[in-house]
Amino acid sequence: MTAELTRPMSRRTLGTETMLVLGLSLGQSAVYATVSIIAKLTAEGGLSRQTAALNTSASTRPYLDLTYQLLGIVFALVPVLLAVHLLTRDPGDPVRTLGLDARRPWADLAQGAGLAALIGLPGLVLFWAAAQLGINATVVPAGLPDLWWTVPVLILAAFQNSILEEVIVVGYLMTRLRQLQWRVGAIIATSALVRASYHLYQGFGAFIGNAIMGVVFSLFYLRTRRVMPLIVAHALLDIFAFVGYSLLPQEWFDWL
């Protein structure tokens with residue numbers, strides 16, 4: 001009985017598990033994003049006349065809206081807990097294996113800030129070019145009303161996005177694909193394309209930009225085996241986008 005419980009997982013089991021985790025999280029988002037881009041492309045006026053809104057209000061009643069926002073953030077992180085839980089079946093501590101611990105906070109913060117600058121500045125240029133070419137929808141990073149809780153919720157949403165995406169599409173997915181004995185190039189490409197696909201609802205510029213980001217983040221993870229700097233970088237990028245859009249004059253963002 002003990003041998004039965006501790007036997008290594010088969011490739012088929014690992015593959016099925018990976019598809020289920022993606023299906024409950026970012027893989028599901030990728031399917032919806034694909035349907036969304038088709039809808040935008042076939043709508044009157046084409047893609048450039050459509051809007052992709054993030055962080056939208058869920059109720060006209062402020063405290064009910066806040067409740068919905070917080071519930072959405074909490075439940076969006078459940079797949080992360082599931083992924084880490086499933087990795088406990090592997091040897092070692094999955095938190096340390098993923099580099100999700102706080103052993104080196106200052107190094108993680110510095111590397112994360114560097115990655116954010118590396119991705120963010122060229123990303124702005126790419127978004128501007130995509131807007132000029134008409135291959136992106138009009139992106140609204142923050143559609144919440146101006147209330148006392150708006151900025152804190154946007155910051156929490158930024159961390160939720162970063163934790164969900166980096167743990168699932170980098171840490172968990174790349175770990176499982178390595179165990180499935182995929183080639184390194186295929187692992188990097190798969191992680192990057194999954195990341196790009198669930199941003200497709202924003203347009204093709206967002207798809208390309210996130211694919212490039214996915215390659216950079218995957219290479220970094222393969223070198224360092226730490227997902228924490230990626231979470232820091234992603235959170236900084238989203239905080240800048242969400243909070244900046246919410247607080248700065250709207251005419252500054254007409255190019256989006």
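**Helical architecture and nonpolar cores of the predicted model**

Residues 24 or more positions apart supply 78% of the contacts in the chain that have a separation of 6 or more. The coordinates analysed here are those of a predicted model. The chain contains eleven helices and two strands, and from the N terminus on the order of its elements is α-α-α-β-α-α-α-α-β-α-α-α-α. Along the principal axes, the C-alpha atoms occupy a box of roughly 65 × 35 × 35 Å. The radius of gyration of the chain is 19 Å, which agrees with the value near 18 Å that a compact globule of 256 residues would have. Of the 256 residues, 44% count as buried. The accessible surface amounts to about 13600 Å², and carbon and sulfur atoms account for 68% of this surface.

The annotation was then compared with the secondary structure of the model. An unreviewed UniProt entry places the feature "transmembrane region" at residues 20–39, 66–88, 109–131, 151–173, 180–198, 204–222 and 229–248. Two of these spans were examined for helix content. Residues 151–173 are 100% helix and 0% strand, with 31 Å between the end C-alpha atoms. For residues 180–198 the corresponding values are 74% helix and 0% strand, and the end C-alpha atoms are 23 Å apart. The unreviewed UniProt entry also carries the annotation "domain: CAAX prenyl protease 2/Lysostaphin resistance protein A-like", which covers residues 148–239. This span, residues 148–239, is 84% helix and 0% strand, and its end C-alpha atoms lie 17 Å apart.

The largest nonpolar core of the model comprises 38 residues, and those with the most contacts inside this core are Ile168, Val169, Phe217, Tyr221 and Leu230. Two or more residues are given to the core by each of helix 2 (11–24), helix 3 (26–42), helix 5 (78–87), helix 7 (105–133), helix 8 (150–179), helix 9 (184–197), helix 10 (204–224) and helix 11 (228–247). Helix 8 gives the most, with nine residues. Apart from this core lies another, of 15 residues, among them Leu66, Ile73, Leu154 and Val243.

Ile168 was considered individually. This residue is located in helix 8 and has a relative accessibility of 0%, so Ile168 counts as buried. With neighbours up to four places away in sequence left aside, the contacts of Ile168 are Val21, Leu22, Ser25, Leu26, Pro79, Val80, Ala83, Ile163 and Leu173. Ala129, by contrast, is 39 residues from Ile168 in sequence, and the two C-alpha atoms are 30 Å apart in space.

Asn161 is likewise placed in helix 8. Its relative accessible area is 18%, and Asn161 is therefore buried, given that the cut-off for burial is under 20%. Outside the four places on either side in sequence, Asn161 is in contact with His234, Asp238 and Phe242.

In helix 11, attention was directed to Pro229. Pro229 is buried because its relative accessibility is 0%. When neighbours within four places in sequence are left aside, Pro229 is in contact with Asp108, Gln111, Gly112, Leu115 and Phe220. Pro229 and Ala142 are separated by 87 residues in sequence and by 24 Å in space, C-alpha to C-alpha.

Aromatic ring pairing was also assessed, and the count comes to one pair. This pair is formed by Tyr63 and Trp148 and has a tilted geometry, with 6.4 Å from centre to centre and 50° between the planes. The pair links distant parts of the chain, 85 residues apart: Tyr63 belongs to helix 4 (residues 62–76), whereas Trp148 is in the loop between strand 2 (138–140) and helix 8. Both Tyr63 and Trp148 are exposed. Trp148 is also the position at which the annotated domain span, residues 148–239, begins.

Key. Residues are numbered from 1 along each chain as its sequence is written. This is a predicted model: local features need pLDDT of at least 70, side-chain atom pairs count only at pLDDT 80 or more; totals for chains, interfaces and linings use all residues. Side-chain values use heavy atoms; hydrogens and water are left out. UniProt positions are given in the numbering used here, feature names are shortened, and annotations may be inferred rather than shown by experiment. Helices (H or I, at least four residues) and strands (E, at least two) are DSSP runs, numbered from the N terminus. A nonpolar core is a set of buried Ala, Val, Leu, Ile, Met, Phe, Trp, Tyr and Cys residues joined through side-chain atoms within 4.5 Å. Buried means under 20% relative accessible area, exposed over 50%, partly exposed in between (1.4 Å probe, protein chains only). The radius of gyration is taken over C-alpha atoms; the globule rule is 2.2 Å times the number of residues to the power 0.38. Contact means heavy atoms within 4.5 Å. Accessible areas come from the Shrake-Rupley method with a 1.4 Å probe; for residues, only the protein chains shown count as cover. Rings of Phe, Tyr and Trp (its six-membered ring) pair if their centres lie within 6.5 Å; planes under 30 degrees apart count as stacked, over 60 as edge-to-face and the rest as tilted.
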